Amino acid sequence: MDRNYRPFIMPVTWLSFIASLQVTSVKDLGDTEKILSVKEATENLITEADDLFSENKYKELYELLYPYKESNDVEILWRLSRALHHMSKQQCHNEEKKRYVFEGYDLIVKALQLNDSHYAVHKWYAIFLDTRAAYDGIKARVTQLPNVKNHLLQAVELNPKDATTLYILGYWCYNISSMPWYQRKIASAIFATPPTSSFEEALVYFCKAEEVDPNFYSQNLLMLGKTYLKLEKDEKARYYLKLASLYPPQTDDDLQAIKEACDLLKNLEKQQQQ
């Protein structure tokens, strides 16, 4: 950790005080009618964390939950991992990015050990499996591909209405279908039967994600457009790329999706004019 970094410590309010109490009986709380319960305090903490996430305030979210990183509450642990993932995407310095990824990975591993029947734990474990493996090279990343998909499928089974997981599954399928020859060669050397997919399978997941939560993510609209391009369905591709290009930007992901969608639309127009 950066020697100049100091984790944010919450003011001593009833929320932070009660959340850190170690109680063995109701008597330890004193007048229970006047003091929030530990459960209520945790719920309030989670609500505040989710509000920060919806505002894209990932560093503030991390600082809010950091004092509880040693807890055994998976609701806190997976949210901390999620914050670290987004912080790593925003980080330009490679060492800081790596630190965020490794810290997030350790937290989500702990969460999975505590509760292997929580959809968000499986989803974020899948994400960190891939980002963590990337630091060990292409071979390590390819090795984890089946595990990544398996945990995403478990997440969908536990919560079929989570659009983000469906999007990530679609992205997995799209990337497998687009895998460069050298990665396919590595996969063939590692697996007796290398992982396979198709653009048709990717499309199923992207469409399901959009059905569950329409217009929820600029990148899903972009990937729908790109997948239809791969399937040579230009009109449908143009429809989704147009939606992506007009998406109201709130994050760097949105800006990237808008730019790529605009570029692809221009290419389509050029092809049409030829």
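## Lysine 57 and its partner

Lysine 57 is partly exposed, because its relative accessibility is 36% and the partly exposed range runs between 20% and 50%. The model shown here is a predicted one. Which residue forms a salt bridge with lysine 57? The partner is glutamate 55, and the closest N and O atoms of this pair are 3.2 Å apart. Glutamate 55 has a relative accessible area of 43%, so this residue is partly exposed as well.

Asparagine 56 sits just after helix α2. This asparagine takes a positive phi of about 60 degrees.

## The chain as a whole

The chain has 274 residues, and 44% of them are buried. Its secondary structure consists of 14 helices and zero strands. Read along the sequence, the pattern is therefore a run of α elements.

Contacts between residues with a separation of 6 or more tell about the fold. Of these, 59% join residues 24 or more positions apart. The chain exposes about 15400 Å². Carbon and sulfur atoms supply 51% of that area.

## Salt bridges across the chain

Side chains of opposite charge can pair when their charged atoms come close. How many salt bridges does the structure hold? The count is 16.

One of them brings lysine 89 and aspartate 253 together, with 2.8 Å from N to O. This pair links distant parts of the chain, 164 residues apart. Lysine 89 belongs to helix α4, residues 74-90. Aspartate 253 belongs to helix α14, residues 252-273. Lysine 89 is partly exposed, at 41% relative accessibility.

Helix α14 takes part in another salt bridge, through glutamate 269. The partner is arginine 238, with the closest N and O atoms 3.5 Å apart. Arginine 238 lies in helix α13, residues 234-245. The two residues are 31 residues apart, and their pair also links distant parts of the chain. Is each partner buried or partly exposed? Glutamate 269 is partly exposed, at 33% relative accessibility. Arginine 238 has a relative accessible area of 17%, under the 20% cut-off, so arginine 238 is buried. Elsewhere, salt bridges that share partners join Asp50, Glu75, Arg79 and Arg82 into one network.

## Helix α2: one buried face

Helix α2 covers residues 38-54, which makes 17 residues. From its first C-alpha to its last, α2 reaches 24 Å. That is close to the 24 Å expected at 1.5 Å a residue.

Which residues of α2 are buried? They are Ala41, Thr42, Leu45, Ile46, Ala49 and Leu52. Seen down the axis of α2, these buried residues fall within an arc of 135 degrees, so they line one face of the helix. The face turned away from this buried side carries the exposed residues Lys39 and Ser54.

## A loop residue: asparagine 72

Asparagine 72 lies in the loop between α3 (58-65) and α4. Its relative accessibility is 57%, over the 50% cut-off, so asparagine 72 counts as exposed.

What does asparagine 72 touch, not counting residues up to four places away in sequence? It touches Lys110 and Leu114. Asparagine 72 and leucine 114 are 42 residues apart along the chain, yet their C-alpha atoms are separated by 7.2 Å.

## Helix α9: mostly covered

Helix α9 spans residues 163-177 and has 15 residues. From first C-alpha to last, α9 reaches 21 Å, close to the 21 Å expected at 1.5 Å a residue.

How many of the 15 residues in α9 are buried? Twelve are, and α9 is mostly covered. Among the buried residues are Leu166, Tyr167, Trp172, Cys173 and Tyr174. Smaller names appear on that list too, including Ala163, Gly170 and Ser177. What covers the buried residues of α9 includes α6 (119-133), α8 (145-158), α10, α11 (199-212) and α12 (218-230).

## A nonpolar patch on the surface

Helix α10, one of the elements covering α9, runs over residues 181-190 and contains tyrosine 182. Tyrosine 182 is partly exposed, with a relative accessible area of 36%.

Which residues form a nonpolar patch on the surface with Tyr182? They are Ile138 and Trp181. Together, Ile138, Trp181 and Tyr182 have about 360 Å² of accessible area.

How values were computed:
Residues are numbered from 1 along each chain as its sequence is written. This is a predicted model: local features need pLDDT of at least 70, side-chain atom pairs count only at pLDDT 80 or more; totals for chains, interfaces and linings use all residues. Side-chain values use heavy atoms; hydrogens and water are left out. A salt bridge is a side-chain nitrogen of Lys or Arg within 4 Å of a carboxyl oxygen of Asp or Glu. Buried means under 20% relative accessible area, exposed over 50%, partly exposed in between (1.4 Å probe, protein chains only). Helices (H or I, at least four residues) and strands (E, at least two) are DSSP runs, numbered from the N terminus. Patches are made of residues with over 30% relative accessible area and no salt bridge: like charges are joined within 9 Å, nonpolar side chains (Val, Leu, Ile, Met, Phe, Trp, Tyr) within 5 Å. Accessible areas come from the Shrake-Rupley method with a 1.4 Å probe; for residues, only the protein chains shown count as cover. Contact means heavy atoms within 4.5 Å. The expected span of a helix is 1.5 Å times one less than its number of residues. The arc is that of the directions from the helix axis to the C-beta atoms.
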